[in-house]
Amino acid sequence: MDQFSRSTQTEEKYMSKLSYKQKKEWFQFIVTRDGYRCLYCPSPFTDTNPPEYEHLNNDEKDNRPENLCLAHHSCNVQKKYNADMQILARKKLRENEMSTFACERTLADTGTTKEMTSQQEINKTNMRITEQFLLEHTIHNDELVLRDAVNAIVDICQKNNHTGSQAAIYRYVDSLTNPYTGRYTLSVTSKGKTIIRKRTEI
Ligand SMILES: [Zn+2]
C-alpha cells in the first residue's frame, strides 16, 4: 500500500526496537484496526510529523500488536508526563486485548486451528497456567473432574491476561493427556464424568 511505502523510512528511523518483519506486519494490522491516525491528537501524520510506534503500557519490549499503536513523536513524548494520556493508553490496550480475546473465541468456535501470530505468547502463558494447575491439583494423586478443572483454568487465564477460551484450554489439556507423552490420563467414570489423573509410572 502507498501509506506503507511512504512510511517505511519513518519506521526504520523510529522503530529500531521492533524487527523489520514485525514493523511491516504490525503496521498493516494497526492501520486496519485503528486507521492511519495518532492515538492522542487529531492532527494528521505528515512527512515532517510522521507516525511512530507507541507502546501502550510503556514497555518497549512488549511488542504484541495489542500493545502497539501509532502516534506522533511529540505526542509519544508528552504521554510520559500526562496522566490523561496514560489513562487513554491503558484503556486502548484493554480494548485491544478484549478484541483479541473475541477473535480467539471466534477461531475456537469455528474450529479453525490457525493461530494468530500475535497470540502465540499468550497461548504459551495459558499453556503454562494449565500445566501448573494440573501439577498443583494432582500433587496427592487427587482426581480432577475435567469440566471443573477447565472452568477453573479459564478463570485463572482470564484474570491473568483477559484471554483463555474453554476450547483453547481443552486443547492444552488434550496435549497434556496425550496417551503417548502426556503426564496425565483421562478416564470416564460409571456416571459419565471425565476424570484427570496423574499418570502412574510403569
Ligand atoms: Zn498526535
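## Two asparagines with positive phi

Start with Asn58, which is partly exposed: 13 other C-beta atoms sit within 10 Å. This is a predicted model, and in it Asn58 takes a positive phi of about 70° even though it isn't a glycine. You'll find Asn58 in the loop that links β1 (51–55) to β2 (68–72).

Asn141 is another case of this kind, with a positive phi of about 60° and, again, no glycine at that position. Look for Asn141 in the loop between α5 and β3. Is Asn141 buried or exposed? Asn141 counts as exposed, because it has 8 C-beta neighbours inside 10 Å and the cut-off for exposed is 12 or fewer.

## The chain as a whole

Stepping back, the protein chain has seven helices and five strands. Read from the N terminus, the elements go α-α-β-β-α-α-α-β-α-α-β-β.

Of the 202 residues in the protein chain, 28% are buried. What share of the contacts between residues at least 6 apart in sequence joins residues at least 24 apart? That figure is 57% for the protein chain.

## The three-stranded sheet

Now for one of the sheets. It's an open one, built from three strands in the order β3-β5-β4 with antiparallel pairing. Why do β3 and β4 each have one side without a neighbour in the sheet? Both β3 (144–145) and β4 (184–188) stand at the edges with a single partner strand each, so one side of each stays free of a sheet neighbour. As background, strands in a sheet pair through backbone hydrogen bonds, in either a parallel or an antiparallel way.

The link between β4 and β5 (residues 194–198) consists of five bridges, and these two strands run antiparallel. If you want to trace the register, Leu186 stands opposite Ile196 in β5, and Ser187 has Ile195 of β5 as its bridge partner. In a regular strand, side chains alternate between the two faces of the sheet.

β4 and β5 also make up a hairpin, with five residues between them. In that turn, Gly192 has a positive phi of about 85°.

## Nonpolar cores

Which residues have the most contacts inside the largest nonpolar core? They are Ala149, Val150, Ile153 and Ile169, in a core of 15 residues. Three elements give two or more residues to this core: α5 (120–137), α6 (146–161) and α7 (166–176). There's also a second, separate core of 14 residues, and Leu56, Leu68, Cys69 and Ala71 are among its members.

Ile153 is a handy residue to click on. Ignoring neighbours within four places in sequence, Ile153 is in contact with Ile129, Thr130, Phe133 and Ile169.

## How α5 meets α6

When two helices pack, you describe them by the angle between their axes and by the distance between those axes. For α5 and α6, the axes come within 10 Å and cross at roughly 135°. That angle makes α5 oblique to α6, since the roughly antiparallel label is kept for angles over 145 degrees. The crossing of α5 and α6 is right-handed.

Which residues make this contact? On the α5 side they are Ile122, Thr125, Asn126, Ile129, Thr130 and Phe133. The α6 side brings in Ala149, Ala152, Ile153, Ile156, Cys157, Asn160 and Asn161. A couple of familiar names turn up here: Ala149 and Ile153 are also among the residues with the most contacts inside the largest nonpolar core.

Notes
Residues numbered from 1 in each chain as written. Predicted model: local features only at pLDDT ≥ 70, side-chain atom pairs only at ≥ 80, totals over all residues. Pairing = 2+ DSSP bridges. Helix = DSSP H or I, 4+ residues; strand = E, 2+ residues; numbered from the N terminus. Core = buried A, V, L, I, M, F, W, Y, C linked by C-beta atoms within 7 Å. Buried ≥ 20, exposed ≤ 12 C-beta atoms within 10 Å, placed from the backbone. Contact = placed C-beta atoms within 7 Å. Axes fitted to C-alpha atoms, helices over the stretch in contact; angles between N-to-C directions. Parallel < 35°, antiparallel > 145°, perpendicular 65-115°, else oblique. Left-handed = near helix turned anticlockwise from the far one by under 90°.
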